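Let's take a walk through a binding site together. Keep the sequence and the 3D view side by side as you read.

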Amino acid sequence: MDQPNPHRPAQKQPMPGTTDQMMPTPDHGETSYVGHGRLEGKTTVITGSDSGIGRAVAIAFAREGADVVIAYLSEDEDAAQTARHVEDAGRKAILVRGDLSDPSHCRAVVEESVKAFGRIDVLVSNAAHQANFAEFEDITDEEWRHTFAVNVDPFFYLVKAALPHMSEGGSIIGTSSINADSPNPGLLPYATTKGTIRDFVAGLGQMLAPRGIRVNAVAPGPVWTPLIPSTLPAEDVATFGQNTPIGRAAQPKELAPPYVMLASDEASYIIGATIPVTGGRPFV
Ligand code: NAD
Ligand code: MG
């Protein structure tokens, strides 16, 4: 296996961050992911798939045979790059730019997806906002609300809009976090939303199981994505992930396999679960 954790200098970039400014460039599986037709012919929607984990999942989904709707905030170049990888895999890519904290945009993402593909087989709610605060008093009311408006509310609105276009065999996947189990106090609003996502999939999974639609989440530990240099203090970026038993952050490509599994029909009995991918940090 290639070296997954080359030296990472302290670095900072503005939110939401872009891939080409990251040192070193993350590995999304561009040269390594091999599909086996596990999602052949499925139509998938992935929010936040311009970069990071979402890009790795888009590449994997496409190489497994799926068409992909790539929803993203504003990172046009990153999104175009993800689309190129999907098209290189011989699948269709649809780009939808915009702010998911607006419920009408959540509905627009679903409308664009249905217009393009006629139905939705797999919905991945993966976009997120996070910010770091030293003191509780530093967290403004607006910041608290905005974190929920980006991380939690769109999951509800997307599911609501998508459900009429999903049928038996469908799969809904959220992105939670290690913070759902052991919240980093510096990321209090974010950590709280990630716990909410874990609870949401556990409850919604029970609600939709009789309809044959499975709902689950993946809970990543530290992963080298634009979220990190755009939201953490520069010096924390250099040591990011070293506090895991494996001793390093994940590359985005190391997160793709559980999303592929949860999206595929092989996961027919996995419902309401949150799957940890944490480099050995316990998640109970
Ligand atoms: P990322 O920055 O590559 O992806 C997040 C994406 O969310 C961005 O690309 C952006 O386009 C999108 N986004 C942000 N705000 C938005 C908004 N208002 N409207 C629409 N889209 C918006 O980072 P990532 O680390 O790949 O994040 C993907 C998911 O993984 C997130 O849910 C994040 O919480 C989760 N996660 C990441 C880590 C990590 O260490 N990187 C750890 C645990 C969980
Ligand atoms: Mg991005």
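An oxygen atom of ligand 1 sits 2.6 Å from an N or O atom in the side chain of S51, which fits the rule for a polar contact (a pair of N or O atoms within 3.5 Å). Ligand 1 also has an oxygen atom 3.4 Å from a polar backbone atom of G52, and one 3.4 Å from a polar backbone atom of L227. On its own, ligand 1 has 800 Å² of accessible area, and the protein covers 96% of that (areas come from the Shrake-Rupley method with a 1.4 Å probe).

A quick word on what you're looking at: this is a predicted model, where local features need pLDDT of at least 70, side-chain atom pairs count only at pLDDT 80 or more, and totals for chains, interfaces and linings use all residues. Residues are numbered from 1 along each chain, chains are lettered from A and ligands numbered from 1 as written, and side-chain values use heavy atoms, without hydrogens or water.

Now step back to the whole shell: 29 residues surround ligand 1, each with a heavy atom within 4 Å of it. D50, S51, N126, Y190 and T225 are the closest.

S51 turns up again at the magnesium ion (ligand 2), whose protein donors are D50 (OD), S51 (OG) and E75 (OE), 2.0 to 2.3 Å away. Donors here are N, O and S atoms within 2.8 Å of the metal (3.2 Å for Na, K and Ca), and since water is left out, sites may look incomplete. D50 counts as buried because its relative accessibility is 3%, and E75 does too, at 10% (buried means under 20%, exposed over 50%, partly exposed in between, with a 1.4 Å probe and protein chains only).

How values were computed. A polar contact is a pair of N or O atoms within 3.5 Å; within protein, one must be able to donate a hydrogen and the other to accept it, and residues adjacent in sequence count only if both atoms are side-chain atoms.
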